[in-house]
Structure formats: structure tokens, C-alpha cells
Amino acid sequence: MSDLTRRKFIGQTALAALAAGTFQAPFIRTARAGEPGPNDKIRLGLIGCGGMGQGDLKCFFGNPEIDCAVICDVDDAQLAKGLEICDDKRGKKPDTVKDFRRVLDRKDVDVVLIATPDHWHALPMVMAAQAGKDIYVEKPLAKTIDEGRAMLEASRKYNRVVQMGSQWRSAPHIIEAAEIIRSGKLGKVSLARAWAFLDWLPTIGHVADGPVPPGVDYNMWLGPAPERAFNQNRFHFNFRWFWDYAGGLMTDWGVHLLNMASMGLPPENPKSVSACGGKFIFDDDSETPDSLVTVYEFPSCQLIWEHRAGLNNGLNNRSWGVEWHGTEGNIILNDAGWELVTEPKKANIPSQKKKSQGDPRAAHVRNFLDCCKSRQQPVLNLEVGHRVSSLAHLGNIAYRTGHKIVWDSVAEKVVDDHQADKLVSVKYRKPWHLPGMRRA
Ligand SMILES: NC(=O)c1ccc[n+]([C@@H]2O[C@H](COP(=O)([O-])OP(=O)(O)OC[C@H]3O[C@@H](n4cnc5c(N)ncnc54)[C@H](O)[C@@H]3O)[C@@H](O)[C@H]2O)c1
């Protein structure tokens, strides 16, 4: 077969598979012209230069091959902070823009780092994938499950290397604990519990609507979210307590902790989810619950999520953690490390303790950059990112409806519950439209 005939044959086979709906683009491939080779510089475009964007930028600069070509934010004050970081770390200032599409147009951007509020993760990510960029996108993957699905499909379709920024996936002590559990040494693990008790989180109080601060493109900040007057309480950082933009602590901290918990559990999807909670602590403008308990029923085990916000003078021993309970022992893990407690007569492993090695963000970013070069998928690729983010979203859907959610994980649909199923997706404000979103 000549080269041309072979290519034609492969093309025809792929087309036939496409028509039959059986075609799967290969997820992993080798670097192509224009993508960073092992010794090349990686040129960054940052979208969203707030608290996390600035932290991530510093972390990326910890790697010698990183240069920053452009920073995008809708707020001049945030752009100025990003420029200061670049000047400090590299002795030069990148370009600044307020429209993220101007980042994606650029040929001198290899990697896009997205650290916008949750309602602004999906569209820049999908468009960055279309533009052939690799992407580091902050957690939770998106504001809804449907957006997460569109992001996963885009990463596959355009063969992009994508890491979700839930850095604990790269923490050596958590990886080690998860390996012990998955090796079967705890026996049958039938229950896991994850929690975040944030006794440092203050109330946001009540703030009236007000004028848009100078230097802010508020319409662009709202983007696909519903139009409304400007309110400082819904803006930087505090957006996370409002349903139009995010999902409260269930998705903010829940994604991190459910991510850790699932590292030690079988890769199953939940059959049902129920939740109860409310605003028991804060009397303020926030909409999301300050207290929540969510119960996930998996085919082979149960997972419980608990969160509570509000000052209690640091009475909680540890602010967050995960515990896995097996027939032959338990592991309790928190920010300090983990402890394995076994039944001396039964267990095939001794009790032991391990200290945490500190903030895993540098390792998580390094894993992503290595993958940009090797064209492998990172540890928190979108298969995993979509799965753990969906768990958190389902908790919020159960809470918001007050219903026990029966989840069809193949169709990604709530069974026989139209009200709950509507929350699996989100309607975008015009003219914004997310390519690939099923229930747009
Ligand atoms: N991995 C972690 O541990 C971690 C920690 C904190 C936050 N986060 C995530 O990072 C994201 C940002 O959170 P944050 O606390 O930094 O919020 P923030 O409000 O401090 O920062 C968000 C920034 O995005 C900018 N922005 C909004 N719309 C934009 C647009 N269309 N184009 C460009 N910029 C835009 C805002 O002006 C702001 O500067 C959230 O999704 C959050 O969940 C992750």
C-alpha cells in the first residue's frame, strides 16, 4: 500500500468510526511542532490574577523554564499585582489584557493557567483547548457537571495536556496512604469520611449594592452569569458563597477532600447522594450553607462529607482530614500527616505514622510541566478532575433540592427528578455559549 493510499484508508476508517459513533481520538500523543520539547521554555498566559492566580504564578515561576508572556484580569488592580510578581521573579513585565480571548490568540503562549472564579473556568478552558494550548485550571473543574463534561471532551478532542489545580493529588504522604489502602492492607474499606472545619472563616456581613470600582470590567467579570448590580460581597474571593458563581464550601474545600478520599477508594461513581445542612452560623449575605453533611452511596462503600465554617477559637484539633475505615484497620489523614491504626491480632500490617512533607503545589505544577513535555496526561487530568468535581456538585444538588439524588453516572443525569437534573447544567447569559455543553 502506498503512503497516500494508506493515509486515505486510515482517513476512511476514522470517518466510518466517526459516523458509527465509535471513534475515539487518541488521548496521548507525541509533541508536535510548536509544542515545548524537553529543554524548551514554556510560555505562560495567566487568566485570572486574584488570590490563587498570584499564588499559582509564583509557583510556576519556581520552575526555570517558565516565562510569562501575558496576564489577563478584568481588574486593573489585580493586573498590577501580577506585574509586580513577574518583575520580582523574572525582572521583566509581560503584556496585560482584560479579554481572555486575546491570551488565546497569541502564538507565544504554550500554557494557559486559569484561576478565575468557578463560573469562568469552562469557557476559557474549552477555547484554550481549541486554540491548541495546554491548560492548568483551578479546582473545582467548573460550576456545574455539564460544563465539566464539555471540558473533558474538549481536552480529549484537541489532545491537550490538562491538570486541575487540586494539588493534594501530588502530596507524597497522601499518595502513600492511598497506596496502602488500595493494596488491600486495611482489608475491606466500607466507609470513608472527609471533612473541613474552617474555624478561621469570618462572616461576610451585609453589604449594599454599589458602584463598580474604577478599572474593573464588571460585565466581563459576570460573563455567562446572570446580570445584576455590582456588590463588593459577591466579587473577589467572596464569589464562592453565591450560587451564580460557585458552590460554597462543598465545592471549594469539598473537591480537595473528596479528591483525597477517592485516592483510597475504588474508582466508582455514586449511586445516590443525600445532604442536609444550612446557614446555622452566619447571618450574612452568603447563600451557600455554612454547615453541611453529605452522604454518598457507592456500589462497594459509603463516603461522608462534613463541613462547617465559622469562628470557634480553634477548638477543632485539625481543620481538615480524611479517614478510611477497613475491616483490619483505619487510616486517619490530615494536614500534619497520617496515622494507620490496625487490629493487632488480625492485621497484616503494623500500626504506623507518617508526617506530611508540606505544601504539595510545587510538585503538582511540576507534574503538569513534565507532562506538557512528555505529552502524558498529568495526575489530576480531566477524567479524574471531572469525577471528583462531580461528586461535590452532586452534594450541592442534593442540598439545594432537599432530595435524595439517584445518579445515572453513564448518562450523567439525575434519575426521575427534573428539578434536581436542571442543576446538573447552567444557562449561559448571552452572548456567551459553551461549545459541547449538552443541556445549553
Ligand atoms: N487549589 C487551591 O488550593 C485553591 C485555593 C484558592 C482558590 N482556588 C480556586 O481558584 C479560583 C480563583 O479563586 P480566588 O480565591 O483566587 O478568587 P479571586 O476572586 O481572588 O480571583 C479571581 C480573579 O479572576 C478575575 N476574573 C474574573 N473574571 C475574569 C475574566 N473573565 N477574565 C479574567 N479574569 C477574570 C477576577 O478579577 C479576580 O482577580 C477559584 O476557582 C478557586 O476555587 C484554588
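**Exercise 1. Cysteines**

How many disulfides does a search of the whole structure find? Work it out, then look at Cys68.

*Solution.* Keep in mind that this is a predicted model.

Step 1. The search of the whole structure comes back with 0 disulfides.

Step 2. Now take Cys68: the nearest cysteine sulfur belongs to Cys86 and sits 4.2 Å away. A disulfide needs the two sulfur atoms within 2.5 Å, so that pair doesn't make the cut. Cys68 is in no disulfide.

Step 3. Check the surroundings. Cys68 has a relative accessible area of 13%, so it goes down as buried. Cys301 has 6% relative accessibility, so it counts as buried too.

**Exercise 2. The chain as a whole**

Describe the protein chain in terms of its helices and strands, its buried share and its contacts.

*Solution.* Step 1. Start with the secondary structure: the protein chain has 13 helices and 16 strands.

Step 2. Next comes burial. The protein chain has 440 residues, and 55% of them are buried.

Step 3. Finally, the contacts. Take those in the protein chain with a separation of 6 or more: 71% of them are between residues 24 or more positions apart.

**Exercise 3. The nonpolar cores**

Which residues of the largest nonpolar core touch the most other members, and which helix gives the most to this core?

*Solution.* Step 1. The largest nonpolar core holds 105 residues, and the ones touching the most other members are Phe100, Met125, Met151, Tyr296, Trp305, Trp324 and Ile331.

Step 2. The helix you're after is helix 12, residues 382-401, which puts 8 residues into this core.

Step 3. Zoom in on Met151. Skipping its neighbours within four places in sequence, Met151 has contacts with His121, Ala122, Met125, Val126, Val137, Leu141, Ala142 and Leu382. One of these, Met125, was also on the list in step 1.

Step 4. Don't stop at the largest core. Another core, of 23 residues, lies apart from it, and its members include Ile42, Phe60, Ile66 and Cys68. That's the Cys68 from Exercise 1, the one in no disulfide.

**Exercise 4. Two pockets**

Characterise the largest and the second largest pocket by volume, lining and residue type.

*Solution.* Step 1. The largest pocket comes to about 870 Å³. It has 44 lining residues, with Met52, Ala115, Thr116, Phe239 and Arg240 nearest its centre.

Step 2. Sort that lining by type and you get 23 nonpolar, 12 polar and 9 charged residues. Helices that each supply at least two of the lining residues are helix 2 (51-61), helix 8 (218-222) and helix 9 (248-252).

Step 3. The second largest pocket takes in about 450 Å³. Its lining has 24 residues, and Thr144, Lys422, Leu423, Ser425 and Val426 are the closest to its centre.

Step 4. By type, this second lining splits into 10 nonpolar, 7 polar and 7 charged residues. Helix 12 and helix 13 (418-422) each bring at least two residues to it, and helix 12 gives the most, with 4. So much for the pockets.

**Exercise 5. Cavities**

How many cavities of 30 Å³ or more are there, and what lines the largest cavity?

*Solution.* Step 1. The count is 4 cavities of 30 Å³ or more.

Step 2. The largest cavity has a volume of about 90 Å³. Of its 13 lining residues, Leu201, Trp241, Phe282, Ser286 and Thr288 are nearest the centre.

Step 3. The lining of the largest cavity breaks down into 8 nonpolar, 3 polar and 2 charged residues.

**Exercise 6. Burial, residue by residue**

Is Thr251 buried or exposed? Do the same check for Gln54 and then for helix 10.

*Solution.* Step 1. Thr251 belongs to helix 9. Its relative accessible area is 1%, so Thr251 is buried. Leaving out residues up to four places away in sequence, Thr251 touches Asp118, Lys139, Pro140, Ala246, Ala392, His393 and Asn396.

Step 2. Gln54 sits in helix 2. With a relative accessible area of 16%, Gln54 is buried; the cut-off is under 20%. Beyond residues up to four places away in sequence, Gln54 touches Cys49, Gln78, Lys81 and Ile85.

Step 3. Helix 10 covers residues 254-263, and because 10 of its 10 residues are buried, the helix is largely enclosed by the rest of the structure. Among the buried residues are His256, Asn259 and Ser262.

Technical notes: Residues are numbered from 1 along each chain as its sequence is written. This is a predicted model: local features need pLDDT of at least 70, side-chain atom pairs count only at pLDDT 80 or more; totals for chains, interfaces and linings use all residues. Side-chain values use heavy atoms; hydrogens and water are left out. A nonpolar core is a set of buried Ala, Val, Leu, Ile, Met, Phe, Trp, Tyr and Cys residues joined through side-chain atoms within 4.5 Å. Buried means under 20% relative accessible area, exposed over 50%, partly exposed in between (1.4 Å probe, protein chains only). Contact means heavy atoms within 4.5 Å. On a 1 Å grid over the protein atoms alone, a cavity is a set of points where a 1.4 Å probe fits but cannot get out, and a pocket is an open set with protein on both sides within 12 Å along at least five of seven lines; lining residues have an atom within 4 Å of a point. Grid points are joined across faces, edges and corners, and a volume is the space filled by probe spheres set on the points. Ala, Val, Leu, Ile, Met, Phe, Trp, Tyr, Cys and Pro count as nonpolar, Asp, Glu, Lys and Arg as charged, and the others, Gly among them, as polar.
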